[in-house]
Amino acid sequence: MKLFIYHEKQCDPKRCTALKMGKLGYAKIITNPNKVPRNSLLLNPYSEKSVSVEDRDIIEKYGILGLDCSWKQAEIVFKKTNARNQRVLPFLIAGNPVNYGKPCKLTTLEAIVATLYIANYKNEAVSLLNGFKWGNTFIDVNKELLEQYCGKTSDEIIRIQNEILNNMRNR
């Protein structure tokens, strides 16, 4: 599995899951926006199309690209890339120690794990969590959601997500 991370050097290196993924040999860290693989699947919270099982061909051929930057700078950083295949993750809850329990505030590790899981690469997703003490917490917190999204098309995932969010609002 080819995993790439464009790293903007805007975070605490001691807490950075992206840098640790690079150190563990799980992902290639890229610091030059011109070196970003344009055909890979870019995880972009501003995209309109959801990650889905339909992305398996892209993932297998070109890999997954995560952008590691400050949430405050995210929109600017995403404009630097010209990646063709941009996808958003559906509603998930952070399991990391910094943003635990917060909706959609995932680390780069969590985002890539979720992408793999949703595209039905469950074993590969879970194996990425090795080396992170809290890693399994992400799966535990989101198990039901991930199972609902897994193997579905983008349209199905958006529908499921909207149902989940509507049910949460109506409680």
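Contact here means heavy atoms within 4.5 Å. With that cut-off, and in what is a predicted model, T17 can serve as the entry point. Leaving aside neighbours within four places in sequence, T17 is in contact with T107, T108, L109, F132 and W134. The residue lies in helix α1, which covers residues 17-23. T17 has a relative accessible area of 6%, and because buried means under 20%, T17 counts as buried.

T17 also appears in a record. An unreviewed UniProt entry lists T17, L67, L89 and T108 under "binding site". Of these, T108 is among the contacts of T17. L89 is placed in the loop between β5 and α4 and is buried, at 17% relative accessible area. Outside the four places on either side in sequence, L89 touches V51, L106, A111, A114, T115, I118 and Q161. L67 belongs to a nonpolar core of eight residues, which also includes Y6, V36 and A83.

Helix α1 also holds K20. K20 is partly exposed, with a relative accessibility of 33%. K20 and G131 are 111 residues apart along the chain, yet their C-alpha atoms are separated by 8.6 Å. Beyond its sequence neighbours within four places, K20 is in contact with G131 and F132. F132 is also one of the residues that T17 contacts.

The loop between β5 (85-87) and α4 (108-118) contains N96 as well. N96 is buried, and its relative accessible area is 2%. Its side chain takes part in two polar pairings with the backbone. In one, a polar atom of the N96 side chain lies 3.1 Å from the backbone nitrogen of V98. In the other, the N96 side chain reaches the backbone oxygen of K105 at 3.4 Å. With residues up to four places away not counted, N96 touches K105, L106, T107, E110 and W134. T107 and W134 are also in the contact list of T17, while L106 is also in that of L89.

C104 sits in the loop between β5 and α4 too. Its phi is near 65°, a positive value in a residue other than glycine. Most residues other than glycine have a negative phi. C104 is partly exposed, at 43% relative accessibility.

The loop leads on to helix α4, which is mostly covered: eleven of its eleven residues are buried. Among them are the residues T108, E110 and T115, along with I112, L116 and I118. Just after α4, N120 takes a positive phi of about 70°. N120 is in the loop between α4 and α5 and is partly exposed, with a relative accessible area of 40%.

Nonpolar side chains tend to be buried together in soluble globular proteins. The largest nonpolar core in this model has 41 residues, and the members that touch the most others are M21, I112 and Y149. Two or more residues of this core come from each of β1 (3-7), α1, β3 (41-43), α2 (56-62), α4, α5 (122-128), α6 and α7. The largest share is that of α4, with eight residues. I112 shows how the helix connects to its surroundings: beyond four places in sequence, I112 is in contact with L3, I5, M21, L43, I64 and L128. The core of eight residues that includes L67 lies apart from the largest one.

Helices α6 and α7 remain. Two packed helices are described by the angle between their axes and the distance between the axes. Helix α6 spans residues 135-149 and helix α7 spans residues 154-169; their axes come within 9 Å and cross at roughly 145°. On the α6 side the contact is made by L145, Q148 and Y149, and on the α7 side by I157, I160, Q161 and I164. These residues divide into five nonpolar, two polar and no charged. Two of them link back to earlier parts of the picture: Y149 is one of the residues that touch the most other members of the largest core, and Q161 is among the residues touched by L89.

Conventions
Residues numbered from 1 in each chain as written. Predicted model: local features only at pLDDT ≥ 70, side-chain atom pairs only at ≥ 80, totals over all residues. Heavy atoms only, no water. Helix = DSSP H or I, 4+ residues; strand = E, 2+ residues; numbered from the N terminus. Buried < 20%, exposed > 50% of the residue type's maximum accessible area, 1.4 Å probe, protein only. Polar contact = N/O pair within 3.5 Å; in protein donor to acceptor, adjacent residues only side chain to side chain. Axes fitted to C-alpha atoms, helices over the stretch in contact; angles between N-to-C directions. Nonpolar A, V, L, I, M, F, W, Y, C, P; charged D, E, K, R; others polar. UniProt positions renumbered as here; feature names shortened; annotations may be inferred. Core = buried A, V, L, I, M, F, W, Y, C linked by side-chain atoms within 4.5 Å.
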